Amino acid sequence: MGDVVQMHFSTVDYVIFVLLLVASAGIGLYYAFSGGRQRTTQEFLLADRSMRCLPVSLSLLATFQSAVAILGAPSEIYTHGTQYWFLGCSYFLGLLIPAHIFIPVFYRLRLSSAYEYLELRFCKTVRICGTATFIFQMVIYMGVVLYAPALALNAVTGFDLWGAVLAMGLVSTLYTALGGLKAVIWTDVFQTIVMFAGQLAVIIVGTHQAGGIAEVWRKAQNGSRISGLDLNPDPLERHTFWTLGVGGVFLMLALYGVNQAQVQRYLSSRTEKEAIMSCYAVFPCQQVVLALGCLMGLVMYARYGEESPLDKGYVKTNDQMVLYFVMDVLRDLPGLPGLFVACLFSGALSTISSAFNSLATVTMEDLIKPHVPAMTEARATLLSKMLAIGYGLVCLAMAYLASLMGSVLQAALSIFGMVGGPLLGLFCLGMFFPWANSTGALVGLASGLVMAFWIGIGSFVSRMSPPAINATIMPDVGNMTTAVITTLITAKPRPSGVQALYSLSYMWYSAHNSTTVVVVGLLVSFLTGPWKEKDLNPGTIFPVLGTLLFFLPQRYREKLCCVTPLEDKPKGLDHQPYLMAQKKSNGVACTNEEDKIREEEGEQITAQPTCNLAHTVQETAL
């Protein structure tokens, strides 16, 4: 690398970057020493179920908008064109379904962990398997989210790599452990604003330097970077309207429907209505975020054309290209590079702090509390804080492992996508198919995970292995055009058999893996004795089949268990899947009217179930 590449921060840039970290830590300290001072698990893990719609929606957005997405989306647009923009079509169903199906079920059951649902619907073993799968998924992803932006920053600016990793890891651990979910949500709000400001600054300055938005668009069109609607139904094509618009729906459902980091935000809302509204509010914000990422990619193309910094050797990977562009565009404007880096690290901080909090919650609620029912509230809260700190240290260790992996970073991101699909399938199996039983759920989850890792690792290995065909078929001729055409024709035949499975677009991973869980789960359930309506805990089924099969007579729908309404309550304690710790309410199908009455009587709603019975851009950015 030459001198042209190594760009350095000014003092102002460092000041802005440090201010971001100080402000984030300050919000955590504020919530540690105000209000209830995080003395109960209810306040620490669920923000006392007191959050309003706006902060919850911005937090939902920030959790998804990681540094990997901020670095990845513009590089994707620069390299492949605007086809990726059609991912926005998947947001509509990807947020509408969680708002009207998943949120009502989770909220009315008064859960703390999404995986409590799996015990209510199936059994304790399914719950523990779901929880373990989620922990595995998030621990791997955290290391990548922490390491990727620090590596890009180090390569382009010479910013100390492990200094950046430690600063991010320790600050997010500090405010998560001190301030709980309330601090995580409010720092997410602050960090979302910084993210928008950083991206906007780069787009405005870059567009001005390129000669205006019309000139940016003209250059992108001339360079064939403005993509039309590609309706090719081939699932092996990396990005088409169908892979992004339909496959993306399943990716969004895995993230916004059943991921604990997001479910926990819904459950922290004051009412079910506010939880649903926060999901609605994410939709326009997501579209704005996608538009900003895509616009930055077009501005990058207008500046560099076909001669990318990657081709010239100024940077080593696609992820570093965006930071190089930012430092190049903003080099004469002290403070703005620092603002963008603050924006980048805001994305990383918001993602990993959410991960710490959700991991502490599932470990506490799913793995510790059921086995230590007599634990005092003070001890449980202290243990939750220690878990958040513990996961922070694990995150730093994973960042170190990510540094050793090198090119396996994309494999780690694929693992995040691969694990989300089977978990989505497990929840869909329980929520929509009343006759699915515990054995079916366990075998289905195992099959989904095996299929996910088989395709994911097979795809990675086949991508990494050099195509031997090129070496043998390249003819030794003077006319290079003929040589290139011959290579393209012979080196890229349509894959068949197992190779076709490995060539599946990563956007279909979630859909494919969740469908595997549902199909295998139903088959095994029928073979081992499907459950009847009387075997089910009321409130755990969303009656979507009853709506779809409205044309069948009532008696047939009863045989198919399609008539269970969501609002049903257990008839007595003997039907109750769990007992409420401190309240008379049975915890199932607790309606908004009941909430209002109890609030009017001055009673704080802190009911928590205790089990008494013997579970991106992911890879969206890439």
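**Exercise 1. Determine whether R265 is buried or exposed in this predicted model, and identify its salt-bridge partner.**

Step 1. The relative accessibility of R265 is 1%. A residue is classed as buried when its relative accessible area is under 20%. R265 therefore counts as buried.

Step 2. R265 forms a salt bridge with D188, and the closest N and O atoms of the two residues are 3.5 Å apart. The cut-off for such a contact is 4 Å.

Step 3. The two partners belong to distant parts of the chain: D188 is in helix α8 (residues 161-210) and R265 is in helix α12 (residues 260-267), 77 residues apart.

Step 4. The partner D188 has a relative accessibility of 0%, so D188 counts as buried.

**Exercise 2. Explain why the salt bridge between R52 and E274 ties together separate parts of the chain, and classify both residues by accessibility.**

Step 1. Side chains of opposite charge can pair when their charged atoms come close. In the pair R52 and E274, the closest N and O atoms are 3.3 Å apart.

Step 2. R52 lies in the loop between α2 (41-46) and α3 (53-64), whereas E274 lies in helix α13 (residues 272-304); the pair therefore ties together parts that are 222 residues apart in sequence.

Step 3. R52, at 46% relative accessibility, counts as partly exposed. E274 has a relative accessible area of 17% and is buried.

**Exercise 3. State how many salt bridges the structure holds, and classify the partners E365 and K369 as buried or exposed.**

Step 1. The structure holds eleven salt bridges. One of them joins E365 to K369, with 3.4 Å between the closest N and O atoms.

Step 2. E365 has 3% relative accessibility and counts as buried. K369 is buried as well, with a relative accessible area of 18%.

Step 3. Elsewhere, salt bridges that share partners join R52, R270 and E274 into one network.

**Exercise 4. Locate L229 and R110, and determine which of these residues is buried and which is exposed.**

Step 1. L229 is found in the loop between α9 (213-222) and α10 (241-245). R110 is found in the loop between α5 (88-108) and α6 (116-121).

Step 2. The relative accessibility of L229 is 52%, so L229 counts as exposed. R110, at 2% relative accessibility, counts as buried.

Step 3. Together with L231, W242 and V246, L229 forms a nonpolar surface patch with about 350 Å² of accessible area.

Step 4. R110 has a phi near 55°, a positive value in a residue other than glycine.

Technical notes
Residues numbered from 1 in each chain as written. Predicted model: local features only at pLDDT ≥ 70, side-chain atom pairs only at ≥ 80, totals over all residues. Heavy atoms only, no water. Patch = residues over 30% accessible without salt bridge, like charges linked within 9 Å, V, L, I, M, F, W, Y side chains within 5 Å. Areas by Shrake-Rupley, 256 points an atom, 1.4 Å probe, with all protein chains shown as cover. Salt bridge = Lys/Arg side-chain N within 4 Å of Asp/Glu carboxyl O. Helix = DSSP H or I, 4+ residues; strand = E, 2+ residues; numbered from the N terminus. Buried < 20%, exposed > 50% of the residue type's maximum accessible area, 1.4 Å probe, protein only.
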